[in-house]
Amino acid sequence: MSTPILELHNICKSFGALDALRSLSFHIGQGEVIGLLGDNGAGKSTAVNLISGIHKPTSGHLSVDGKQTLFTCRMDSAEAGIETIYQNTALVDSLSITRNIFMGRERCSGGGFLKLSDMREIAMEVLQSAVHISGIDSPDMLVGELSGGQKQAVAIARAVFFKRRILMLDEPTSALSVRETEALLNQVLRLKAENVSSVFVTHNLYHAYQVCDRFVIMSHGTKVFDVAKADTSISQLTEYVVLT
Ligand SMILES: Nc1ncnc2c1ncn2[C@@H]1O[C@H](COP(=O)(O)OP(=O)(O)OP(=O)(O)O)[C@@H](O)[C@H]1O
Ligand SMILES: [Mg+2]
C-alpha cells in the first residue's frame, strides 16, 4: 500500500468530561472515497472537525504523507489540501459565485486591485467544466440565491480549482433533492478519477454504498469496523451501524 495522504493515530478528543473520540485511528489513501458511518453522537462530525483543524486532539496525532503533524486551525488543514463541505458550507450569501470561489485567495493586480474579470472567467470555466449542476449559468449570481445543492457545487468548484487533495463532506445530502444528490455523488466520483480523496459522512447507507471504496464505522467515539466495499454489503453495514 502506498503512503496514505492522511492518517489519524489514536486520536482522543474530550469536551470536559465527555470523550467524543476515543483512540480513533484510520487512514485515507490517495483517490480513495471513505464512508464514515455511525449512529447519532458516534463522533463523526468531531472527527471531521478535527481533520479540518477546527478541533485540536486531546491526545494522539495526525500524519500527512507519512509525516507527523498537528493542525491548530483551519488554515493548517487547508494548506494540507483539505476542503470541508457542510450543507450550507462556508459561503457568503451576499457575494457572487466568483467571489466565493476565490474567497481568501483573491487574484490582485500589482496595485492591490482585485482582478475581477480574470476571476470571473476562471469561475465560469470551472463551473462549466468541473461542475454540472442545473440552474447555475452565471458566476455573477449571488450565492444567497442558490439552493443547497447549488451551493455545494460552488464549494466543490472551489475545491476543484484549488486542487484540494481531500474533500470532507459531513452529511452533504441530507437536505438535497434526488437530482442534486445524484449530481453530488457524481462529483465525488469525478474527483476520485482525478485522484482526489473524499470522506463522506452520511446516515444514508445507499448513498454511501454508491460511491465509497471503504467504510469506517464509528461507535462511541471509536472505530468498530473498517472494511472495503468488496468485502461487505449494505445489510452488513446496517447491522454494524445499528448494533454497535
Ligand atoms: N463542541 C462540543 N462540546 C461538547 N460536546 C460536544 C461538542 N461537539 C460534539 N460533542 C459531543 O460529542 C459527541 C459526538 O458528537 P458528534 O457531533 O461528533 O457526533 P456525530 O457522529 O456527528 O453525530 P450525528 O450523526 O448526530 O451528526 C456527542 O456526544 C456530542 O454531544
Ligand atoms: Mg454529525
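The following legends describe close-up views of a predicted model of one protein chain with a bound ligand.

**Figure 1. Overall fold and domain layout of the protein chain.** The protein chain contains eight helices and ten strands. Its radius of gyration is 18 Å, close to the 18 Å that the globule rule gives for 244 residues, so the chain is as compact as a globular protein of that length. The C-alpha trace extends over about 55 × 40 × 35 Å along its principal axes. The domain assignment divides the chain into domain 1, made of residues 6-81 + 165-243, and domain 2, made of residues 88-147. The centres of domain 1 and domain 2, taken over C-alpha atoms, are separated by 27 Å. Of the 244 residues, 42% are buried. Among contacts with a separation of 6 or more, 68% join residues that are 24 or more positions apart.

**Figure 2. Confidence along the protein chain.** The mean pLDDT of the chain is 89, and 95% of the residues score at least 70. Strand β1 (residues 6-15) has the highest confidence, with a mean of 98. Confidence is lowest in helix α5 (residues 148-161), where the mean is 77.

**Figure 3. The residue shell around ligand 1.** The shell consists of Phe15, Leu18, Ala20, Gly38, Asn40, Gly41, Ala42, Gly43, Lys44, Ser45 and Thr46. By residue class, four members are nonpolar, six are polar and one is charged. Strand β2 (18-28) and helix α1 (44-51) each contribute at least two residues to this shell. The largest share, three residues, is supplied by α1.

**Figure 4. Helix α1 and its surroundings.** Six of the eight residues of α1 are buried, so the helix is largely enclosed by the rest of the structure. The buried positions are Lys44, Thr46, Ala47, Val48, Leu50 and Ile51. Lys44 and Thr46 also belong to the shell around ligand 1. Just after the helix, Gly53 adopts a positive phi of about 85°.

**Figure 5. Environment of Met168 in strand β7.** Met168 lies in β7, which covers residues 166-170. The residue counts as buried because 26 C-beta neighbours fall inside 10 Å, where 20 or more are required. Beyond its neighbours within four places in sequence, Met168 is in contact with Val48, Ile51, Ser52, Ile82, Thr84, Ile85 and Val199. Two of these partners, Val48 and Ile51, are among the buried residues of α1. Asn49 is 119 residues from Met168 in sequence, yet their C-alpha atoms are 9.3 Å apart in space.

**Figure 6. Positive phi at Ser23 in strand β2.** Ser23 has a phi of about 50°, a positive value although the residue is not a glycine. The residue is found in β2, a strand that supplies at least two residues of the shell around ligand 1. With 15 C-beta neighbours inside 10 Å, Ser23 counts as partly exposed.

**Figure 7. Positive phi at His220 in the loop between β9 and β10.** The loop that holds His220 joins β9 (214-219) and β10 (222-228). Phi of His220 is near 45°, which is positive in a residue other than glycine. His220 is partly exposed, with 15 other C-beta atoms within 10 Å.

Note on methods
Residues numbered from 1 in each chain as written. Chains lettered and ligands numbered in written order. Predicted model: local features only at pLDDT ≥ 70, side-chain atom pairs only at ≥ 80, totals over all residues. Domains from an automatic or database assignment. Near = placed C-beta within 6 Å. Helix = DSSP H or I, 4+ residues; strand = E, 2+ residues; numbered from the N terminus. Nonpolar A, V, L, I, M, F, W, Y, C, P; charged D, E, K, R; others polar. pLDDT = per-residue confidence, 0-100. Rg over C-alpha atoms; globule rule 2.2 N^0.38 Å. Buried ≥ 20, exposed ≤ 12 C-beta atoms within 10 Å, placed from the backbone. Contact = placed C-beta atoms within 7 Å.
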